[in-house]
Amino acid sequence: MTDLLDVNSLKKSFGAIEVLKDVSFSVPAGTVTVIIGPSGSGKTTILRSLNALDPADGGVIRIGEVSVDFAHAPSGAAVRAFRAQSGMVFQQHNLFPHKTVLQNVIEGPVIVQKRPKDAAIADAHKLLDEVGLDAKSDQYPFQLSGGQQQRVGIARALALKPKLMLFDEPTSALDPELVGEVLAVIKGLAAEGWTMVIVTHEIRFAQQVADQVLFIEGGVVVERGTPDEVLKNPTEARTRQFLQRILA
Ligand SMILES: Nc1ncnc2c1ncn2[C@@H]1O[C@H](COP(=O)(O)OP(=O)(O)OP(=O)(O)O)[C@@H](O)[C@H]1O
Ligand SMILES: [Mg+2]
């Protein structure tokens with residue numbers, strides 16, 4: 001299987017703190033990678049580099065046919081072309097509060113990608129149907145539950161037709177009873193063949209959805225393998241300690 005994503009020697013410091021020392025991994029097309037690791041280990045920093053929201057200090061990332069080499073100050077145009085390859089869903093949805101659900105979903109395709117509005121609306125209805133919210137298309141974000149808002153956020157990221165979907169703890173800000181509906185939508189995307197990188201502390205979900213799991217600590221990938229390898233039979237003591245802590 002060909003890799004859709006290659007991360008090569010990614011490095012990032014904030015001041016004196018070396019958050020990512022040397023992170024490398026690849027993600028085959030059509031597979032799901034789950035990243036786990038302690039708070040502050042750099043999981044969000046990795047995702048933000050994959051979406052070029054923050055420039056890394058070094059390393060090369062390739063998504064499909066588009067690469068960015070952070071060591072050689074890529075141009076603004078190069079960064080924008082690279083960013084368009086992936087869609088990101090954050091811990092907190094960041095929907096426009098004064099726009100309806102439908103308007104939120106078509107904003108990117110119409111304004112940024114200059115797609116015809118009729119086509120964008122038709123697509124948005126399909127995506128909203130997929131996340132179970134087409135009936136809410138004329139409502140405003142404040143009229144939705146947190147889980148529903150998060151599902152609109154997923155539809156909005158999908159509407160830009162990225163090659164790769166990135167999720168940064170998509171359920172950690174939700175009340176426990178709303179977590180399942182968001183995870184179910186993500187599982188549906190996995191079944192459809194979306195390539196995804198997901199940061200989550202939901203270990204049971206990771207076990208079900210991941211093709212590969214990465215455990216990150218101390219600025220490096222400590223352990224990498226199938227969910228059974230990393231989550232059930234980790235070889236590294238640091239992975240075992242982390243899992244014991246969060247499963248306790
Ligand atoms: N903009 C920033 N300025 C300074 N330090 C930062 C910045 N962003 C992140 N850091 C630091 O980098 C380290 C890694 O942060 P990051 O958010 O990537 O961790 P994380 O693994 O996502 O943690 P969590 O599980 O708590 O979300 C932390 O020590 C954090 O304080
Ligand atoms: Mg984080």
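This briefing walks through one strand with its neighbours and one pair of packed helices. Keep in mind that the model is predicted. The strand is β7, residues 164–168, and 5 of its 5 residues are buried. The helices are α3 and α5, whose axes lie 8 Å apart.

**Strand β7 and its side chains**
- Strand β7 is mostly covered.
- L164, L166 and D168 point one way from β7, while M165 and F167 point the other way.
- Residues on either side are buried, D168 and F167 among them.
- As background, side chains in a regular strand alternate between the two faces of the sheet.

**Neighbours of β7**
- Strand β6, residues 86–89, runs parallel to β7 and is joined to it by 4 bridges.
- Here V89 is found opposite F167 of β7.
- Strand β8, residues 195–199, also pairs with β7 in the parallel sense, this time over 5 bridges.
- D168 has V199 of β8 as its bridge partner.
- Helix α6, residues 176–192, joins β7 and β8 in making a β-α-β unit, and this unit is right-handed.

**Helices α3 and α5**
- Helix α3 covers residues 101–112 and helix α5 covers residues 146–158; they pack at an angle of about 30°.
- Angles under 35 degrees count as roughly parallel, so α3 and α5 are roughly parallel to each other.
- Their crossing is right-handed.
- On the α3 side, the contact is made by V101, N104 and V105.
- On the α5 side, V152, A155 and R156 make the contact.

Technical notes:
Residues are numbered from 1 along each chain as its sequence is written. Chains are lettered from A and ligands numbered from 1 in the order in which they are written. This is a predicted model: local features need pLDDT of at least 70, side-chain atom pairs count only at pLDDT 80 or more; totals for chains, interfaces and linings use all residues. Side-chain values use heavy atoms; hydrogens and water are left out. Buried means under 20% relative accessible area, exposed over 50%, partly exposed in between (1.4 Å probe, protein chains only). Helices (H or I, at least four residues) and strands (E, at least two) are DSSP runs, numbered from the N terminus. Two strands pair if DSSP finds at least two bridges between them. A crossover is right-handed if, with the strands pointing away from the viewer, the path from the first strand over the helix to the second runs clockwise. Axes are lines fitted to C-alpha atoms, for helices over the stretch in contact, and angles run from 0 to 180 degrees between N-to-C directions. Angles under 35 degrees count as roughly parallel, over 145 as roughly antiparallel, 65 to 115 as roughly perpendicular and the rest as oblique. A crossing is left-handed if the near helix is turned anticlockwise from the far one by less than a right angle, and right-handed if clockwise. Contact means heavy atoms within 4.5 Å.
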